[in-house]
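Good morning, colleagues. I would ask you to turn to the structure on the screen, and I shall then take you through two regions of it.

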Amino acid sequence: MSRTLFLAANWKMHSAPEGTFDPESPYKIQDSVDVVVFSTFLDLAACLQVGIEAGPQYGHAEASGPHTGDVSLKMCADLGCTYALCGHSDRRQKHGETDDMVAAQVKAALALRLHPVVCIGEKEEERDAGKQQEVVRRQMSVLPLEQNITIAYEPIWAISRGDPNKPAASTQDAQEMHAFIRSLLPDATRETMRLLYGGSMKPENAKELLSQPDIDGGLIGGASLKPDAFREIITIAQSL
Ligand code: PEP
């Protein structure tokens with residue numbers, strides 16, 4: 001079964017890169033590959049206005065309430081977003097998001113007709129201890145996998161954190177984990193659910209990663225902040 005490749009930009013806590021709102025912006029909807037931008041809350045409206053498919057990097061599961069500093073998924077849906085990033089490792093590690101909190105966000109997103117891109121993946125010490133499968137199995141066990149969601153496998157040790165020389169997971173490691181994740185999906189979604197790889201994807205390694213049978217796209221941080229690099233990854237995806 002062929003699944004349309006899906007490239008999601010995670011701009012993290014960075015403003016929209018120069019050229020984002022230009023007519024030739026690489027962040028706009030493209031031919032034969034799905035492109036979505038996860039921007040800060042502040043850039044969402046401007047992105048949506050120029051035809052960029054944009055969503056929040058996080059949203060509170062409750063519609064409104066006493067949650068100072070938060071923005072709800074409902075507010076993002078009301079703004080016109082159609083996607084939401086859930087459970088990024090930055091949120092799990094720095095904001096104490098648990099598997100259950102992530103699952104609540106995914107369920108709230110689905111109820112609002114937002115398409116959740118849900119991040120899972122192990123830390124370096126978990127990989128060193130050979131626990132990577134156990135970790136993703138636990139993270140997936142609370143998710144509504146029958147539904148219309150996308151999973152992004154991001155081994156935390158491969159995320160660049162701004163270092164352009166950080167190596168990605170090896171293609172073999174990435175494919176192996178994606179195949180394992182796919183094996184955990186129920187029959188109804190095993191062949192249709194898209195699985196993205198995240199962790200130092202860039203033009204230099206995109207072709208090899210995106211050619212793997214169980215890798216259906218990328219969640220791209222550092223390289224998505226460089227319009228030319230992101231455009232190159234799109235071109236590579238379109239050629240596959
Ligand atoms: C990320 O933070 O989701 C990510 C994958 O970052 P990078 O591409 O920079 O490793």
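I shall speak about the surroundings of the ligand and then about the internal cavity. Please bear in mind throughout that this is a predicted model.

Let us begin with the ligand. It occupies the space of the largest pocket. There are 13 residues around it, and those that come nearest are Lys-12, His-88, Ser-160, Ser-200 and Gly-222. Sorted by class, this shell comprises 8 polar, 3 nonpolar and 2 charged residues.

Which atoms of the protein lie opposite the oxygen atoms of the ligand? In the case of Ser-160, an N or O atom of the side chain is 2.4 Å from a ligand oxygen. For Ser-200, a backbone N or O atom lies 2.7 Å from an oxygen atom of the ligand. Gly-221 likewise offers a backbone N or O atom, at 2.8 Å from a ligand oxygen. As for the extent of cover, the ligand taken alone exposes 290 Å², and the protein buries 99% of that area.

I turn now to the cavity. How many cavities of 30 Å³ or more does a search of the whole structure find? The search finds 1. The largest cavity holds about 30 Å³ of space. Its lining includes Gly-87, Ser-89, Arg-92, Cys-119, Gln-139 and Glu-154. Two elements, helix H3 (89-94) and strand E5 (115-120), each contribute at least two residues to that lining. By class, the lining of the largest cavity consists of 4 polar, 3 nonpolar and 2 charged residues.

That concludes my presentation. Thank you for your attention.

Conventions
Residues are numbered from 1 along each chain as its sequence is written. This is a predicted model: local features need pLDDT of at least 70, side-chain atom pairs count only at pLDDT 80 or more; totals for chains, interfaces and linings use all residues. Side-chain values use heavy atoms; hydrogens and water are left out. A residue is near a molecule or strand if one of its heavy atoms lies within 4 Å of it. A polar contact is a pair of N or O atoms within 3.5 Å; within protein, one must be able to donate a hydrogen and the other to accept it, and residues adjacent in sequence count only if both atoms are side-chain atoms. Accessible areas come from the Shrake-Rupley method with a 1.4 Å probe; for residues, only the protein chains shown count as cover. On a 1 Å grid over the protein atoms alone, a cavity is a set of points where a 1.4 Å probe fits but cannot get out, and a pocket is an open set with protein on both sides within 12 Å along at least five of seven lines; lining residues have an atom within 4 Å of a point. A molecule sits in a cavity or pocket if more than half of its atoms lie within 2 Å of its grid points. Ala, Val, Leu, Ile, Met, Phe, Trp, Tyr, Cys and Pro count as nonpolar, Asp, Glu, Lys and Arg as charged, and the others, Gly among them, as polar. Grid points are joined across faces, edges and corners, and a volume is the space filled by probe spheres set on the points. Helices (H or I, at least four residues) and strands (E, at least two) are DSSP runs, numbered from the N terminus.
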